[in-house]
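Here are my notes on the model you sent over. Have the structure open while you read, and take the points one at a time.

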Amino acid sequence: MKNGKTLAFDIGGTKIASAVVEISGSDYKILDYKKNDTPEGHNEIVAKILELFEFYKGKYNFKTIGFSIAGQINLKGDTVVYAPNIQSLDNFKLAKAIEQKTNCKVFVRNDVQCFALGEDRFGKHKECDNVIFIAIGTGIGGATKVNGKFYFGQDNIAGEFGHMVIVKDGLECACGRKGCWERYFSGPAMEEMYEKTYGQKKSAREIAESALRGEKKDKEFMIEASKFFTTGLSNLINILNPEIVILGGSMFKQKSILKFMTPYIPKKVLPSARKTKIVNSSLEEKAFLLGAVID
Ligand SMILES: [Zn+2]
């Protein structure tokens, strides 16, 4: 969609965000927005999507629906191939199921690709040609733009940065390897590590907030976690030599946590790569919905 109104859905393991977005070039307006829980089962998810479609259809005129899905999507953009956090959507032909019921044109994309495309079209750094996008939440996903073009790989699954090994024989990962980056710096990884270190349960958000308030124990923990983060990030910077790295996802909701990381990056990247800018997403959560409306 270059211009006009589109209904957008961002479907994750726990929440479905939806919005009617009107775009004109690189300007956008979010006309309406809702957040609901993600039901279990694909029939229930489809029913929820259709209920929201009817609600928005009563108020706005649109002919396209875009989906941002936390999972791998086929190259054609119509089927969810593998969604570890919404397993009922595995191998589900989502576009067909929704097109039949709505008469709208439907396109489906991976959520991190949506984040990157949204930032690229509507964000503050849209003029950059060599960019690494990283979204961190329950895992670490990413996308790369090289010489002005996105690189999504042969099967549309490039950007699984979270499964880059940063610790030899490290913690076991669900992917079958040991020492993957997302086992050291992601919401669940930080919570697990915190409990192991201090025998206390705390959410990643609470840890970040109290570290930012200056609470000694949590600040130390955040500094250690940041070292894991910057190891992976520096690997990517050295390999791809981007102009800029844009960070998003729920881990970077507290934007100031970036300050724990920046001291370690120059020591780990090659001198020539030290001028790479590292910034927070300018659109935050909206990037996922905005990326879903671009076809
Ligand atoms: Zn892994």
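**Notes on the model**

1. Let's start at one glycine. G13 counts as partly exposed because 14 other C-beta atoms lie within 10 Å; the buried label needs 20 or more, and 12 or fewer would make a residue exposed. Keep in mind that this is a predicted model.

2. Where does G13 sit? You'll find G13 in the loop between β1 (3-11) and β2. If you set aside neighbours within four places in sequence, G13 is in contact with T38, A70, N85, I86 and T138. Have a look at Q87 too: G13 and Q87 are 74 residues apart in sequence, yet their C-alpha atoms are 8.7 Å apart in space.

3. Now follow the chain into β2. Strand β2 (residues 15-24) runs antiparallel to strand β3 (residues 27-37), with 10 bridges pairing them. To see one matched pair, find A17, which stands opposite K35 in β3. The two strands make a hairpin with two residues between them, and G25 in that turn has a positive phi of about 60 degrees.

4. Zoom out for a moment. The protein has nine helices and 12 strands, and its C-alpha trace spans about 55 × 40 × 35 Å along the principal axes. A compact globule of 295 residues would have a radius of gyration near 19 Å, and the protein has 19 Å, so the two agree. Of the contacts with a separation of 6 or more, 61% are between residues 24 or more positions apart. As for burial, 40% of the 295 residues count as buried.

5. How is the protein divided? There is a domain 1 (3-115 + 286-292) and a domain 2 (126-280). Notice that domain 1 is written as two stretches, 3-115 and 286-292. Taken over C-alpha atoms, the centres of the two domains are separated by 27 Å.

6. Next, check where the domains touch. Here 11 residues of domain 1 are in contact with 13 residues of domain 2. On the domain 1 side, β5 (72-73) and α3 (111-122) are the elements that give two or more residues. Of these, α3 gives the most, with three residues. By class, that side has five nonpolar, six polar and no charged residues.

7. What about the inside? Nonpolar side chains tend to be buried together in soluble globular proteins. In this model the largest nonpolar core has 79 residues, and I69, V108, F133 and F185 have the most contacts inside it. Helix α6 (residues 216-240) supplies the largest share of this core, eight residues. Both domains take part, since this core draws at least three residues from each of domain 1 and domain 2.

8. Finally, spend some time on strand β8 (residues 131-136), where six of its six residues are buried. One side carries V131, F133 and A135 and the other I132, I134 and I136, and both faces are covered. Strand β8 pairs in the antiparallel sense with strand β9 (residues 140-146) over six bridges, and a hairpin joins them through three residues. I132 has T144 as its bridge partner in β9. Strand β8 also pairs with strand β11 (residues 244-248), this time in the parallel sense, over five bridges.

9. One residue of β8 deserves a second look. F133 has I246 as its bridge partner in β11. Leaving out residues up to four places away in sequence, F133 touches F115, A116, E119, G142, A143 and I246.

Technical notes:
Residues are numbered from 1 along each chain as its sequence is written. This is a predicted model: local features need pLDDT of at least 70, side-chain atom pairs count only at pLDDT 80 or more; totals for chains, interfaces and linings use all residues. Helices (H or I, at least four residues) and strands (E, at least two) are DSSP runs, numbered from the N terminus. The radius of gyration is taken over C-alpha atoms; the globule rule is 2.2 Å times the number of residues to the power 0.38. Two residues are in contact if their C-beta atoms, placed from the backbone, lie within 7 Å. Two strands pair if DSSP finds at least two bridges between them. Domain bounds come from an automatic or database domain assignment. Ala, Val, Leu, Ile, Met, Phe, Trp, Tyr, Cys and Pro count as nonpolar, Asp, Glu, Lys and Arg as charged, and the others, Gly among them, as polar. A nonpolar core is a set of buried Ala, Val, Leu, Ile, Met, Phe, Trp, Tyr and Cys residues joined through C-beta atoms within 7 Å.
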